[in-house]
Amino acid sequence: MSVATRAMSRAQARRVAIAAQGFLDPRPAPFTATMRHVQRVVDRVGIIQIDSVNVLARSQYLPLFARLGPYDTSLLDRARDRAPRRLVEYWAHEASLVPPSTWPLLDFRMRAAAEKAWGGMRRILQERPDFVDVVQAEVEARGPLTAREVEVALEHDQPRSTDQWGWNWSEVKQALEYLFWAGRISSAGRTSQFERRYAALSATAPPALRPAWTHRPGAEADPDRFVELVRIAARAHGVGTELCLADYFRIRREDARPAIARLAAEGELIPVTVPGWKPAWLHAEARLPRRVHAEALLSPFDSLVWQRERIHALWDFHYRIEIYTPAHKRVHGYYVLPFLFGDALVARCDLKADRPAGVLRCHRVTWEPGAPVEARLALVANLESMATWLGLSRVDLGAA
């Protein structure tokens, strides 16, 4: 029996998306957030993306600031690095932090490592499989270790002979990255220099989840895995198209499609139409607020905005990261954060934490047409809050 399709306005869809991503949850007072608040954000979004760019702050810290305000970033580090681990790193959207229960759901990606991993990883597996096994054994015996520490350990345990047994740091790193991609080792966090600390699965999997971590299915992907991943994506989005739901964990749309159909047949997803958007699905438990007011500076890697077609369709907001664009060709700046005000994306802010000077520099603000006047005062307040959080003494609005 077919399910009637529900009509939604774009404004309704925006409000649902904002609520689903946790922007309407009450914020704690500055610097009073607890691990319970961090867990609430994790439960809402399901994935926190990692990126090495540190011009403002490491990207994994910014989504929590956007939803909690100023907080102690060591809470996130503790959730990732210390037992009972609430987050582990893997390739989810991109390099990401996910709950340990999500890690086994990504085993389809692990099993495909030999064919889908980047070239250097595949090459080291093909050319030196025994060496890959040696690296894994070293991590399991001595980890957690960074790539450099693995090399030092190998020098001790597997010294290179004068006839050039033939391994170097690059090969160690390639082997480690292959093992990490293949789910044969995991990560116990990052150093302050952003180096991954490779560890045995037994060191990172919570005891209750170790069977799921160590005994993955064989050659074929379990369709239930995709159902669970789409379910997480649907809850986190509130409402989304097939592309939205597939892209959240970067799964193929042909794998997402039957999962969506199954969840729709079971009543967990409700088909909806949104003007100017492709057919979409509303999560049955999504909050449907009549109005919203949220204020947040959004990392380029925030899950509210990382699917660019989605934010263009719902907010009419064309957004691209210009980090790799030559400076003279950039339109809005190097590290640009959208500013959410009310239920609208009203501005783009090119930000830099000038730590030696103690200044949060806002090189440029580009306002959207029709942005309300009160949004300007709100942006200044949010920038001042961010500066306080980052330990900076003032904001320099520059050409803003």
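A residue counts as buried when its relative accessible area is under 20%. By that cut-off, 56% of the 400 residues of this chain are buried. The model is predicted. The chain holds 17 helices and 14 strands. Its radius of gyration is 22 Å, close to the 21 Å that the globule rule gives for 400 residues, so the chain is as compact as a globular protein of that length.

**Overall build**

- The C-alpha trace spans about 70 × 65 × 40 Å along its principal axes.
- Take the contacts in the chain with a separation of 6 or more: 64% of them join residues 24 or more positions apart.

**Surface and charge**

- About 17900 Å² of the chain is exposed. Carbon and sulfur atoms supply 51% of that area.
- The chain carries 55 positive and 46 negative charges. The mean positions of these two sets are 5 Å apart.

**Helix α16**

- Helix α16 covers residues 308-315 and is mostly covered, with six of its eight residues buried.
- The buried residues are R308, R310, I311, A313, L314 and W315.
- Three helices take part in packing against these buried residues: α1 (10-20), α13 (223-237) and α14 (242-247).
- Two strands do so as well: β7 (239-241) and β12 (344-354).

**Just after α16: D316**

- D316 follows α16. The loop that holds D316 runs between α16 and β11 (336-342).
- D316 is not a glycine, yet its phi is positive, at about 55°.
- D316 is partly exposed, with a relative accessible area of 49%.

**Another positive phi: R250**

- Most residues other than glycine have a negative phi.
- R250 is not a glycine either, and its phi is positive, at about 55°.
- R250 sits in the loop between α14 and α15 (253-265).
- The relative accessible area of R250 is 35%, so R250 counts as partly exposed.

**Cis peptide bonds**

- Most peptide bonds are trans.
- The bond from A83 to P84 is cis, with omega near -5°. P84 lies in the loop between α4 (74-81) and β3 (88-91).
- The bond from G143 to P144 is also cis, with omega near 0°. P144 belongs to the loop between α8 (129-142) and α9 (147-157).

Terms used:
Residues numbered from 1 in each chain as written. Predicted model: local features only at pLDDT ≥ 70, side-chain atom pairs only at ≥ 80, totals over all residues. Heavy atoms only, no water. Helix = DSSP H or I, 4+ residues; strand = E, 2+ residues; numbered from the N terminus. Rg over C-alpha atoms; globule rule 2.2 N^0.38 Å. Buried < 20%, exposed > 50% of the residue type's maximum accessible area, 1.4 Å probe, protein only. Contact = heavy atoms within 4.5 Å. Areas by Shrake-Rupley, 256 points an atom, 1.4 Å probe, with all protein chains shown as cover. Lys, Arg positive; Asp, Glu negative; His and termini not counted. Charge placed at Lys NZ, Arg CZ, Asp CG, Glu CD.
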